[in-house]
Amino acid sequence: MDSNPESGASIRPPLPPRVLFGQLKWQIYFTLNKMAYVIAKPSGEKYVLSYLPQDIILPKTKETIVLDWYRDSDFDELFSMMKEAVDEGQTYPQDTMDKDHFEKYYLSHDVFVARNPSDQRVMGSFYVKPNFPGRSSHICNAGFLVHRDFRNRGIGEVLFRKYLPIAKDLGYEGSFFNLVYATNHASIRLCRKLKFQEIGRVPKAGKMKGLGYVDALQFYYDLTTLKQDCLTFQDFD
Ligand SMILES: CC(C)(COP(=O)(O)OP(=O)(O)OC[C@H]1O[C@@H](n2cnc3c(N)ncnc32)[C@H](O)[C@@H]1OP(=O)(O)O)[C@@H](O)C(=O)NCCC(=O)NCCS
């Protein structure tokens, strides 16, 4: 494996997902009360996505953001964004979040960030990781975050759009969001706008802060239907 100084990721030739995931020795850790499982990824296993870092102009505001891999120096900013979202109690299922839990939950696999090009600060992010172990590990899951100060400018849409080809380039064949709370209007709007298939509804899936029981929607995207490595906005319009 060669080393890429830009991303810190190692280069390896693309492998069919079945071969790739068959080679990885996933470990499943059960936690008592926080999540069903965490699928740990052996260190050093990363693809190089040659199109990152990438400048993107937000259609809504004409601001430029940079889509990039997560770096260790982003940890504090990203953790505080996640902690804020958890404390808001409206979107993620966790009711508490400390640094250790965050590292295991959010940083276990591949993580991407949107940076402000002027000061490199993190404006948004998403992780990509297998939603299931073993025989279903070709189906991934993602967790999106946009800093409260930068919401409703189109950053979330850019992240959702870029997530799809990135996930495909990482070797996944499908994307599954298990738990999009029915009150998470921004996420639902983005899933529908980007034509994710709405495949399920879990009744009373969350006890949200100040709202009580809320249903959750489930969305699937067949990544094998994406034709290009990197989609433009026009591809969905
Ligand atoms: C979901 C999230 C990533 C979206 O980020 P964002 O940068 O604000 O998203 P955008 O600005 O690209 O777009 C949001 C879309 O939702 C719409 N929207 C936002 N709030 C809405 C509301 N209350 N009702 C209806 N639509 C809403 C916006 O109008 C926009 O749609 P449009 O482009 O058609 O106008 C962000 O809100 C977030 O970080 N939330 C907390 C964490 C979270 O929910 N993560 C996902 C877990 S499933």
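Biologist: Hi! How many residues surround the ligand, and which are the closest?

Modeller: There are 19 around the ligand, and the closest are Thr91, Arg151, Gly156, Glu157 and His185. A residue counts as near if its C-beta atom, placed from the backbone, lies within 6 Å of the molecule. This is a predicted model, where local features need pLDDT of at least 70, side-chain atom pairs count only at pLDDT 80 or more, and totals for chains, interfaces and linings use all residues. Residues are numbered from 1 along each chain as its sequence is written.

Biologist: Which elements give two or more residues to that shell?

Modeller: Those are S9, helix H4 (155-169) and H5. The largest share, five residues, comes from H5. Helices (H or I, at least four residues) and strands (E, at least two) are DSSP runs, numbered from the N terminus.

Biologist: Switching to the sheet, what is the strand order?

Modeller: Eight strands form an open sheet, ordered S5-S6-S7-S8-S9-S10-S12-S11, with mixed pairing. Two strands pair if DSSP finds at least two bridges between them.

Biologist: And which strands stand at the edges?

Modeller: S5 (54-57) and S11 (197-208) do; each has a single partner strand, so one side of each is left without a neighbour in the sheet.

Biologist: How do S9 and S10 run, and how many bridges join them?

Modeller: They run parallel, and two bridges join S9 (residues 139-146) to S10 (residues 174-181). Cys140 stands opposite Ser175 in S10.
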